[in-house]
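Welcome! Here is a short tour of a protein chain, with a look at unusual backbone angles and at how the nonpolar side chains are grouped.

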Amino acid sequence: MASPPARVYLDEDVSVVVAAILQARGFEALTARDTRLLGRSDSEQLEFVAETGCVLLTHNRVDFERLHRDWIEGGRQHWGIIVARQRSASDIALRTARLLVRLTADELRNQILYV
């Protein structure tokens, strides 16, 4: 039996429209607004996804590359970070969905990927 796709969390930099598109395609997608994490630090966002088992989707490449490196070097684990280039919500959702269908939650763990 195939494992379910990873759950995805969109930080506040990513449009909530992306979450709506992913949800319409059957993915579980949470936003910073849904979880009342608007205005929280990137570190707190990564802590949240590590605790809840979500992959983080962001546009913030620089900060999350640094956090990813610090976590891995410190022996900490997260469920994956997807960095999306700024483009239309439908394009981001499509690229993210393709990635979530191809890779299991375990394959995404501790990875930083780009769409």
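## An exposed arginine

R36 is exposed, because its relative accessible area of 69% is over the 50% cut-off. This comes from a predicted model, so please read the values below in that light.

R36 sits in the loop that joins β2 (29–31) and α2 (42–52). Its backbone is worth a look too: R36 is not a glycine, yet its phi is positive, at about 60 degrees.

## Another positive phi

Most residues other than glycine have a negative phi. Where else does a residue other than glycine have a positive value? N110 is one such residue, with phi near 65 degrees. N110 is found in the loop between α5 (105–108) and β5 (112–114).

## The largest nonpolar core

Now let's turn to the interior. The largest nonpolar core has 21 residues, and the members that touch the most others are V8, L10, V18, L22, L57, I82 and L100. At least two residues of this core come from each of β1 (7–10), α1 (16–24), β3 (54–58) and α4 (89–102). Which element gives the most to this core? That is α4, with six residues.

L57 makes a handy viewpoint. Apart from neighbours within four places in sequence, L57 is in contact with V8, Y9, L10, D11, V14, V18, I82, A84, I92 and T96.

## A second core

There is also a separate core, made up of 15 residues. Among them are L30, V49, C54 and L67.

Methods:
Residues numbered from 1 in each chain as written. Predicted model: local features only at pLDDT ≥ 70, side-chain atom pairs only at ≥ 80, totals over all residues. Heavy atoms only, no water. Core = buried A, V, L, I, M, F, W, Y, C linked by side-chain atoms within 4.5 Å. Buried < 20%, exposed > 50% of the residue type's maximum accessible area, 1.4 Å probe, protein only. Helix = DSSP H or I, 4+ residues; strand = E, 2+ residues; numbered from the N terminus. Contact = heavy atoms within 4.5 Å.
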